[in-house]
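Please open the structure in your viewer and keep the selection tool at hand. The tour goes stop by stop, saying what to select and what is there.

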Amino acid sequence: MLNQMTQPPENFSKQESKVRVWDIPVRLFHWTLASCFIVAWLTLDNRYLDIHVFAGYLMGGLILFRLLWGFIGSPYARFRNFTFSRLEVWDYLKGVLHRHPPRFLGHNPAGSWAIHLLLGIGLSIIISGLLGFGGEEQQGPLAGWLNYPQGELMLEFHEWLSWLMLVMVIIHLMGVLVESLLHQENLVAAMLTGFKPSAVDAVSSASHWKIGSAMLAIIITVSLFWFQGYLTETPEKRYQPFYGSALPDNLLWREECGACHLAFHPSLLPTRSWKAMMEGQVSHFGEDLFLEQNIVKEIEPFLVKNAAEQEATEAAWKINRSIPKAETLLRITETPYWIKKHQKISDAVWGHPKVNSKVNCAACHIDAEVGTFEDAAMHLPDDIEATAITE
Amino acid sequence: MNRKFIGITALLVVIPLYAQADAVSELEAKYQSQGGGPFSAAAGEALWNKTFIDAKTGKGRNCTTCHTTDQTKSGKHARTGKVIKPMAPSVNPKRLTQAKKIKKWFIRNCKWTLGRKCSAQEKGDVLAFLKSL
């Protein structure tokens, strides 16, 4: 079969005829995968984590489909028709160097290797992403498989693999360019239309439009389902893509410590800070709290028991490890992690009437009341430009 | 079934009103015993809007700094930006229902706004003003 797909370039100009090489599922796979890859690179900022994760899920689904299609799809899509030995790749590359490589209707040997690699790296990216997401964010199907530090490590690997994939994509693009030039044919157009000029007797693929439509329908349905929250949100009730597991709560604490400002969840500061704060309640940042002893006796243990050391959230873990052990900070807004996360925010934003102060966490974090501070739950007030925080 | 529903609704409406009358009259009696009274809503309103200069910052402060000038609307804490629910019991029936809470906030807010404790007379006047809203 392979021989049928291999033709010297001289042949096809004589016998003009078109052959469908890429069926609809392959083309849909190709362009959607490429879009996902671009979107994933554009959504590295925590704020867009839900979009990034969606691009990842979609990519994973597409790759799994492609693996299956490699066994049951149309001829040019089947792995056994684009599996080449190292020698064949070498010969092909030598042909390229001499500006006279053989023409393949389907994937050429070098391109085939690139595709196998891209699929393998892509799948590793998805798996490491899922593990990292389950570890550092404690979210997704693998939530809890890894702890925070392991999750963080996994995400570093995820990033490293993504760079590798970017390099592979660039090589792939150069390959497409070189082959298009050498054979005087537009391979990009072929991936769009599915057709390539060829001799009459070459195998043509079916369009498989039914499977293609089903794929498209699934992609659209799943996207609508994933992003539906944005369609139904209101300015009062913002859509929050990810919810952390419920944090410990206490009514008295909420009432007493949530009157003048947000009730800052105990997980945002370590034990020593809370102890010092309750000790110094008569001069609480310039206020005398006048809390009676029986109130202190209930609130203090609640604060201490759920302090940052418990690592109930990613923020708790990161805040706690950022504070030098010898220091007892009373402000969340003075912890190195908090400062680092908010350093791009300008004074104009802090002074904005809807923000007012650094301690008004709820102005920008949808889940400030619950205390989870999920990555994608950050939402600046509507009249503040997003550019105000990206320098 | 229906009667029961009306009964429960009526209770839910009435209980806070009672609690409010209770808490306020309890405090009024206390302030009277401390030499205050009779209390005037007008004097309370005047105090509510009066500006005191803070010795340290040199800036003016009054009760409306956090509670706004319209007590049927939400205010905003001057230092933290946190929303403070309306003070008028007519729109926020939970207001003035707990004597303990009122006492505590008088201590805190008088100290911050006036830089001193409020007198029994002043507190009674403010209550007379607030409960009329």
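The stops below begin with chain B and then move to chain A.

The model is a predicted one, so read each stop as a description of a prediction.

**Stop 1: chain B as a whole**

Select chain B and colour by secondary structure. Five helices and four strands make up its secondary structure. Followed from the N terminus, the elements come in the order α-α-β-β-α-β-β-α-α. Chain B has 133 residues, of which 39% count as buried. Among its contacts with a separation of 6 or more, 52% are between residues 24 or more positions apart.

**Stop 2: the disulfide**

How many disulfides does the structure hold over all chains? There is one. To see this disulfide, select Cys110(B) and Cys118(B), which it joins with an S to S distance of 2.0 Å. The torsion about the S-S bond is about -100°, so the disulfide is left-handed. Are its two cysteines buried or exposed? Cys110(B) is buried because its relative accessibility, 6%, is under the 20% limit. Cys118(B) has a relative accessible area of 11% and is buried too.

Now add Cys63(B) to the selection. This cysteine is in no disulfide, and the nearest cysteine sulfur, that of Cys110(B), is 7.0 Å away. With a relative accessible area of 16%, Cys63(B) is buried.

**Stop 3: helices H4 and H9 of chain A**

Move to chain A and select residues 49-72, which form helix H4, together with residues 209-232, which form helix H9. The axes of these helices come within 12 Å and cross at roughly 160°. An angle over 145 degrees counts as roughly antiparallel, and H4(A) and H9(A) are therefore roughly antiparallel to each other. The crossing of H4(A) past H9(A) is right-handed.

Show the side chains where the helices meet. On the H4(A) side the residues in contact include Phe54(A), Tyr57(A), Leu58(A), Phe65(A) and Trp69(A). On the H9(A) side they include Met215(A), Ile219(A), Trp226(A), Phe227(A) and Tyr230(A). Sorted by class, this contact has 15 nonpolar residues, one polar and one charged.

**Stop 4: Leu58 of chain A**

Stay on helix H4 of chain A and select Leu58(A), which lies in it. Leu58(A) is buried, at a relative accessible area of 17%. Which residues does Leu58(A) contact, leaving aside its neighbours within four places in sequence? They are Thr32(A), Cys36(A) and Ile219(A). Measure from Leu58(A) to Cys36(A) in the viewer: C-alpha to C-alpha, the two are 7.2 Å apart in space, while in sequence they are 22 residues apart.

**Stop 5: helices H3 and H9 of chain A**

Keep H9(A) selected and add residues 24-42 of chain A, which form helix H3. Here the axes come within 7 Å and cross at roughly 30°. That makes H3(A) roughly parallel to H9(A), because the angle is under 35 degrees.

The residues of H3(A) that meet H9(A) are Ile24(A), Pro25(A), Leu28(A), Phe29(A) and Thr32(A). Their partners in H9(A) are Trp209(A), Ile211(A), Gly212(A), Met215(A), Leu216(A) and Ile219(A). By class, the contact divides into nine nonpolar residues, two polar and no charged. Ile219(A) takes part here and also in the contact of H9(A) with H4(A).

**Stop 6: two positive phi angles**

Most residues other than glycine have a negative phi. Select His208(A), where phi is near 55°, a positive value. His208(A) sits in the loop between strand S4 (195-197) and H9 of chain A. Its relative accessible area is 27%, so His208(A) is partly exposed.

Next select Asn356(A), whose phi is also positive, near 75°. The segment after helix H15 (347-350) of chain A holds Asn356(A). Is Asn356(A) buried, exposed or partly exposed? At 30% relative accessibility, the answer is partly exposed.

**Stop 7: Ser273 of chain A**

For the last stop, select Ser273(A), in helix H11 (residues 271-279) of chain A. Ser273(A) is buried, with 1% relative accessible area. Not counting residues up to four places away in sequence, Ser273(A) touches Thr328(A), Leu329(A) and Leu330(A). Show those three residues beside Ser273(A) to see the contacts.

Technical notes:
Residues numbered from 1 in each chain as written. Chains lettered and ligands numbered in written order. Predicted model: local features only at pLDDT ≥ 70, side-chain atom pairs only at ≥ 80, totals over all residues. Heavy atoms only, no water. Disulfide = S-S within 2.5 Å. Buried < 20%, exposed > 50% of the residue type's maximum accessible area, 1.4 Å probe, protein only. Axes fitted to C-alpha atoms, helices over the stretch in contact; angles between N-to-C directions. Parallel < 35°, antiparallel > 145°, perpendicular 65-115°, else oblique. Left-handed = near helix turned anticlockwise from the far one by under 90°. Contact = heavy atoms within 4.5 Å. Nonpolar A, V, L, I, M, F, W, Y, C, P; charged D, E, K, R; others polar.
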